[in-house]
Amino acid sequence: MPFDYLHFPENPFAIQQAQQELIAARNRNSMFPVIQQQAQTDLARSSVGLQSDQAKLAAEYKGRLDGVIAQATAGISDPNQRRMAGADAVTRAVNAGIVPPDYAASALGGANGDIDWNAISNQAVEGQGNTAELQAQFGSPQTQDIGGQQVTTVTKVGPEGATKDLVGGNASILNNTLTPGQKIARVPTINQQTGAPETVPVGSLYGATGEPNAQGGALPTGLPPGAEGAFNVSGAGNAQQALALQNLAGGVNNRKALLGNLQGALDSFQPGPQSDFWKGLGQLAQEYKVPIPGAPPADKTAAQEAFAKMATQLAQQQFQSLGGTGTDAKLDSAIHTSPSEFLSKAGNQEIIAMLKGNEDAVAAQNDAWQRWQQADPVRHGPQSFGNFQAQFNKIYDPRVFQAQYLSPQQRATMLKGMAPAEQTKFKAEYKKAVQLGWVQ
Amino acid sequence: MNPFLQNGPPGPQGAPQQAPAPPQLTPEQIQTAHSQGEMFLSSLMDLVSKPRGQLTKQDAFQSAADLIGKGLFSDPQAKMKLVGQLTQLPDDETALRQALGQEVLQASHMMSGFKVLAAQAAQQQGGGNAV
């Protein structure tokens, strides 16, 4: 079996054979000048014949070298590796006695222009084979960018000029992919849940291999039919609520001052179920300037009158904050949750504490709403109030705000009324409220 | 000019031999020699790849200086031998190419020898392909 000089390093079992070939080649090389001299002597009989035979010999050697170099460099793309492989092939050719060493040295050095190393290197750049011949044989691939994909077809023009689809359709379909920079670029869209304008990264529209995701690689630029009207109604409602909160928050200080006055007035008269009777007796005594036994002094009567007036004002304000437009039910509700001269002092104190806590809660909610809007002015507009309120309610417990106005005994009573798990939750929420600065 | 002749098998024009003396090189030494041999051969190929009419002896001097800068010919004797060979290079380009072609042949032959040695080392270590 002939030894494969060009591939022997890949065959470890050929090492011994390679060594023997190397030794044999050296022996042949050492004999070659003698053979060559003999040949030259034979050829020297005729100068014309000598020149002719030398040219034939050189052409023969060149053909051999071209063959081994082409075989050795096939499939190698790196220009320098092609040259190295070519030199190696020439050396093997010398060792095998295919070409004489003097001719090989001259050819390797480019002394006679027998080996054009630049051409050998450049073939790697130009590619193997004749492109025109390949296309004539196997057809011409054409790739078309249809937007999201690169579709390749292979067609061949026949002798009669007709175009033939060689693969019967698309040869390949490759999804266009995005660069990292393109992936993080943001594009505007409409949030289909809230209807708010927003931006999303382009990369979120496509999968890892460039296929469009559930959104089909496209972004909604508007709302589904009918959704706009619904969003308008919903958005208007949200915006109205947001405005109401701001208006309510604007009156927090007034109402807290009123509640403070109510609390102060509680010490100036005796509230309770019979307070109206005693107030009337005091008013009578004042009007007729007569001492009536048991009638309250003038200042206590005045304090009671003032308390009643302030309680009515507070009820009216609460009525307004509830969005009241004059229905009896809302006014009745406001009156029954307000302090009253007819309630006991302790009862009034508890109601006042609760209402003060509520006012703090309103202020805290408004403060959170302002921060929510500042955090993302585009998405957190008035139409997002519903979403904000849902988030706020997760961390809002009105009792936390009320507790700070209760006496220690009242707080203990409030906690006692809670289940153990509810107590734990309440304490955690209280700590959170302190951290947020909502309560002192 | 070949810096690897001291330890490697003789060149293609050496005297007939019965058997090559097995060089006692470690795999690391073989790898280093192979790497330096590639550098040397690549440098020679750069020279002979120059278009005809543009190759001078000065180019060969410059290449030798670059190789020394990369750590080749570090042995003082090898360096002296190199300088001696460089001074004997012909001025004529065709003759210069012939001389350099001879160096290419020898260097390439040496590379084949290193491949054989590397294959032997790989076989001794339990099989596997060579360089």
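**Exercise 1.** What percentage of the contacts in chain B with a separation of 6 or more do residues 24 or more positions apart account for?

*Solution.* A contact means heavy atoms within 4.5 Å. Among the contacts in chain B with a separation of 6 or more, 78% are accounted for by residues 24 or more positions apart. This is a predicted model, in which local features need pLDDT of at least 70 and side-chain atom pairs count only at pLDDT 80 or more, while totals for chains, interfaces and linings use all residues. Residues are numbered from 1 along each chain as its sequence is written, and side-chain values use heavy atoms, with hydrogens and water left out.

**Exercise 2.** Determine whether the span of helix α2(B) agrees with its number of residues.

*Solution.* Helices are DSSP runs (H or I, at least four residues), numbered from the N terminus. Helix α2 of chain B comprises the 13 residues 57-69, and at 1.5 Å a residue (times one less than the number of residues) these should span 18 Å. The end C-alpha atoms are 19 Å apart, which agrees.

**Exercise 3.** Describe how the buried and exposed residues of α2(B) are arranged.

*Solution.* Buried means under 20% relative accessible area and exposed over 50%, with a 1.4 Å probe and protein chains only. Lys57(B), Ala60(B), Ser63(B), Ala64(B) and Leu67(B) are buried in α2(B). Seen down the helix axis, the buried residues fall within an arc of 115° (taken from the directions from the axis to the C-beta atoms), so they line one face of α2(B). Gln58(B) and Gly69(B), on the other side, are exposed. The buried residues of α2(B) pack against α1 (27-48), α3 (76-87) and α4 (93-124) of chain B.

Note on methods:
Chains lettered and ligands numbered in written order. Helix = DSSP H or I, 4+ residues; strand = E, 2+ residues; numbered from the N terminus.
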